[in-house]
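Visitor: Hello! I am new to protein structures, and I would like to learn how the words people use for them are justified. Could you show me one?

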Amino acid sequence: MEENTKILIKNGRAVDPVTNTDQQMDILIEGPMIVKTGQLIEDDEAQIIDAAGLTVAPGLMDSHVHFRDPGFTYKEDIFTGAQAAAAGGVTGVVCMANTKPPVDSLETLDYVQKKSEEALVNVYQAATLTKGMKGQELTDMEALSQAGAVCFTDDGKPVMDEKLLFEAMRRAYDLDVPISLHEEDPAFIHGAGVNDGEAARRLGYGGAMRTAEEVMVARDCMLALETGAPVCIQHISSGRSVALVRLAKSLGADVHAEATPHHFTLTEDAVLQYGANARMNPPLRTEEDRQAIIEGICDGTIDIIATDHAPHSAQEKAKPISQAPSGIIGLETSLALGIHSLVEPGYLTLMELLRRMTEGPELFYRMEPQGFRFGNCADFVIFGEKEMHTVTGFASRSSNSPFLGWELPGTIHYTICGGRIVYQK
């Protein structure tokens, strides 16, 4: 990390969804803020970053990550997770609460917040929806929200008690705080992490039915419609789930959905090639589901792209697929995969991709998107949109990714957070 009083970014293509800017622009940063934008800016005291041929965009917001801190820091901790975020052009993250202990108390929330003050990027924390993630009793949502928890989620587990969730949504509406939901009914899972389809049959593995997700999404969309609560369907994997969210939105529900790069890039066939490094909950599904997810991203049904960055040790992932934990890391490949899978095929413009990776999650999680305006926070990613690179290693403590060895566009040159260079190629 470098400390700079002034940084002048020159000659870059500025693409900013907040101000709908897409033009060549110089940007002068002093301390943590933008102090000037325009053409042909000069400042003899500033460090110059020549961004000719590169894109300058707002730092990305990844609203679904697991930094495993406290309790599982051999996989990742707040500092290594923040380093991975910086290497991926991400300047803000929302950490999930399924740590050990889970973030269901003011004490644990305070631990994460204090440790996060020294992180390279902005680290926000979710709190659990239920105490101990047991699904039996709600946490003190008001106290946790007032203390800085940005949302409530039992991510990693579904909330099976619909009456309890209904009450949680009523409280969330009153507090104007989001709820994010992991949607998998165990009754329809005969083997976690792999779709109940052709790949599972070839592996001799039970698999998880689409129905496991869809019945939960249908229920929770209707609960959200009834309560008015702001609800996010996490890591959506089924095309029919996308249709359910689209219907709920059309009926007036404040329902949102997130898609991960792995769900819009890969299908269940990846499990046959990459083994446990392609096992995740919910699982990769069919090409039909992948295309439906892309359609949902294009039409705004899915307004958030988030990674579900889920580090695990090499030893854990080396186990047979039936025993290995679910999840892959994603912070360092998310922008590249968005360009590769959505922009290059023509599904989205770069501006539209960036909107779903910045403004979309920021608005849902009640943050103010920072456009390229005077006085706003200086959070940027500078990258070569078409510049290719091979994924050869990670800043994360873990390396459980099916994308290792892939050649991808979107090479990141700099990440700037709060006016500081936190990553440089």
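Visitor: What makes the pair of Glu385 and Arg13 a salt bridge?

Guide: The side chains of Glu385 and Arg13 come to 3.0 Å, N to O. A salt bridge needs a side-chain nitrogen of Lys or Arg within 4 Å of a carboxyl oxygen of Asp or Glu. The 3.0 Å of Glu385 and Arg13 is within 4 Å, so the pair qualifies. Before we go on, please note that this is a predicted model, where local features need pLDDT of at least 70, side-chain atom pairs count only at pLDDT 80 or more, and totals for chains, interfaces and linings use all residues. Residues are numbered from 1 along each chain as its sequence is written, and side-chain values use heavy atoms, with hydrogens and water left out.

Visitor: Why can we say that Glu385 and Arg13 tie together parts of the sequence?

Guide: Glu385 sits in the loop between strand 13 (380-384) and strand 14 (389-390), while Arg13 belongs to strand 1, so the bridge joins parts 372 residues apart in sequence. Helices (H or I, at least four residues) and strands (E, at least two) are DSSP runs, numbered from the N terminus.

Visitor: Are Glu385 and Arg13 buried, partly exposed or exposed?

Guide: Buried means under 20% relative accessible area, exposed over 50%, and partly exposed in between (1.4 Å probe, protein chains only). Glu385 has 14%, so Glu385 is buried. Arg13 has 29%, so Arg13 is partly exposed.

Visitor: Which residues does a network of shared salt-bridge partners join?

Guide: Lys6, Asp43 and Glu45 are joined into one network. Within it, Lys6 and Asp43 form a salt bridge whose closest N and O atoms are 3.0 Å apart. Lys6 is in strand 1 (residues 6-16) and Asp43 in the loop between strand 3 (33-38) and strand 4 (47-50), 37 residues apart. Both Lys6 and Asp43 are buried. In total, the structure holds 22 salt bridges.

Visitor: How do you know that Lys10 is buried and what is Glu42?

Guide: Lys10 has a relative accessible area of 11%, so Lys10 counts as buried. Glu42 reaches 60% and therefore counts as exposed. Lys10 and Glu42 also form a salt bridge, with their closest N and O atoms 3.6 Å apart. Lys10 lies in strand 1 and Glu42 in the loop between strand 3 and strand 4, so this pair ties together parts 32 residues apart in sequence.

Visitor: Why is Thr267 called buried, and which residues is Thr267 in contact with?

Guide: Thr267 has 15% relative accessibility, so Thr267 is buried. Its place is in the loop between helix 8 (261-265) and helix 9 (270-274). Leaving aside neighbours within four places in sequence, Thr267 is in contact (heavy atoms within 4.5 Å) with Leu284, Arg285, Thr286, Glu287 and Arg290.

Visitor: What about the backbone: which kind of peptide bond joins Asn281 and Pro282?

Guide: That bond is cis, with omega about -10°. Pro282 lies in the loop between helix 9 and helix 10 (287-299). The bond from Asp69 to Pro70 is cis too, with omega near 15°, and Pro70 is in the loop between strand 6 (60-65) and helix 1 (78-87).

Visitor: Is Arg68 buried or exposed?

Guide: Arg68 has a relative accessible area of 10%, so Arg68 is buried. Arg68 is not a glycine, yet has a positive phi of about 60°.
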